[in-house]
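Reader: Hi! I am new to reading protein structures, and I would like a close look at one single part of this one. Could you pick a residue, walk me through its surroundings, and then show me how the rest is laid out?

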Amino acid sequence: MDLTKVDKILTNHKNDKAMLVAILQDVQDEFRYLPKEVLNHISKSLNIPLPEIYDVSTFYKAFSLKPRGKHICSICMGTACHVRGAPVILETAKTHLKIEPGQNTPNMQYTLNTVNCVGACAVGPVIQVDGSLYGNLTSMKTIQLLKKFEKD
Ligand code: FES
């Protein structure tokens, strides 16, 4: 693993312990997750105990300790979306991507997740891709959406 990128991130934050969350955000942007080797390196470089770094890494839901795909596809399974057909959308996505929720596609293009209510119940069923919401989905629209991001 190329730790020079991590050193650059640390330098950008002046090797300041108080900037740990921002440093972890930059690491996650760079690697799409927080690799164990990188967390060890940060621990040694900033002289922060490793358990403390893991505490921060697991506290924020935005951080992932597992490799993730280029695009994070989260299907809302909240009550309103469920009633409006979310189970069908989830099955469509699973079949199209050939993975289960919590998994990555072999080409690391997608990570599939389920979430509970993203606050857009009126336009359910809803999918969130990389933070953007797509509503009023049908199976066909879901496949079109997934294909669109596959080309990125
Ligand atoms: S239940 Fe899906 S957005 Fe609220």
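Author: Happy to! Let us take His13 as our starting point. Is it buried or exposed? Its relative accessibility is 15%, and since buried means under 20% relative accessible area, His13 counts as buried. Please keep in mind throughout that this is a predicted model.

Where does His13 sit? You will find it in the loop between α1, which covers 4–12, and α2, which covers 20–31. To see what surrounds His13, set aside the neighbours within four places in sequence: the residues in contact with His13 are then Met19, Ala22, Ile23 and Asp26. Pick out Ile23 from that group. His13 and Ile23 are 10 residues apart along the chain, and their C-alpha atoms are separated by 7.0 Å.

Now look at Lys14, which lies in the loop between α1 and α2 too. With a relative accessible area of 71%, Lys14 is exposed. Its backbone is worth a look as well: Lys14 is not a glycine, yet it has a positive phi of about 55°. A positive phi turns up again at Arg32, with a value of about 70°, and Arg32 is not a glycine either. Arg32 belongs to the loop between α2 and α3. How exposed is Arg32? Its relative accessible area is 35%, so Arg32 is partly exposed.

From that loop we can step on to helix α3, where another histidine, His41, has its place. His41 is buried, with a relative accessible area of 19%. Not counting residues up to four places away in sequence, His41 touches Leu3, Val6, Asp7 and Leu10.

What does α3 pack against? Helix α3 (residues 36–46) packs with helix α4 (residues 50–59) at an angle of about 125°, and their axes are 9 Å apart. That angle makes α3 oblique to α4. As for handedness, the crossing of these two helices, α3 and α4, is right-handed. On the α3 side, the residues that meet α4 are Lys36, Leu39, Asn40, Ile42 and Ser43. Their counterparts in α4 are Leu50, Ile53, Tyr54 and Ser57. Sorted by class, the residues of this contact of α3 with α4 are five nonpolar, three polar and one charged.

Let us compare that with a second helix pair, found later in the chain. Helix α6 (residues 86–97) and helix α7 (residues 139–150) have axes that come within 9 Å and cross at roughly 40°. This makes α6 oblique to α7. The crossing in which α6 passes α7 is right-handed. From α6, the contact is made by Val88, Ile89, Thr92, Ala93, His96 and Leu97. From α7, Ser139, Thr142, Ile143, Leu146, Lys147 and Glu150 take part. The classes in the contact of α6 with α7 are six nonpolar, four polar and two charged residues.

Next come the strands. An open sheet is built from four strands in the order β2-β1-β3-β4, and the pairing is mixed. Which strands are at the edges? They are β2 (110–115) and β4 (132–134), each of which pairs on one side only. Going from one strand to the next, the twist averages 25°. For a detail inside the sheet, follow strand β1 (residues 71–76) and strand β3 (residues 127–129): they run antiparallel and are joined by three bridges. One pairing to find on your screen is Ile75, whose bridge partner in β3 is Ile127.

There is also a backbone feature to spot in the loop between β2 and β3, where Pro125 has its place. The peptide bond from Gly124 to Pro125 is cis, with omega near 0°.

Finally, step back to the whole protein. It has seven helices and four strands. Along the sequence they follow the pattern α-α-α-α-β-α-α-β-β-β-α. Taken along the principal axes, the C-alpha atoms fill a box of roughly 50 × 30 × 20 Å. The protein has 152 residues, and 39% of them count as buried; His13, where we began, counts as buried too. What about contacts across the chain? Among those between residues at least 6 apart in sequence, 60% join residues at least 24 apart.

Technical notes: Residues are numbered from 1 along each chain as its sequence is written. This is a predicted model: local features need pLDDT of at least 70, side-chain atom pairs count only at pLDDT 80 or more; totals for chains, interfaces and linings use all residues. Side-chain values use heavy atoms; hydrogens and water are left out. Axes are lines fitted to C-alpha atoms, for helices over the stretch in contact, and angles run from 0 to 180 degrees between N-to-C directions. Angles under 35 degrees count as roughly parallel, over 145 as roughly antiparallel, 65 to 115 as roughly perpendicular and the rest as oblique. A crossing is left-handed if the near helix is turned anticlockwise from the far one by less than a right angle, and right-handed if clockwise. Contact means heavy atoms within 4.5 Å. Ala, Val, Leu, Ile, Met, Phe, Trp, Tyr, Cys and Pro count as nonpolar, Asp, Glu, Lys and Arg as charged, and the others, Gly among them, as polar. Two strands pair if DSSP finds at least two bridges between them. Buried means under 20% relative accessible area, exposed over 50%, partly exposed in between (1.4 Å probe, protein chains only).
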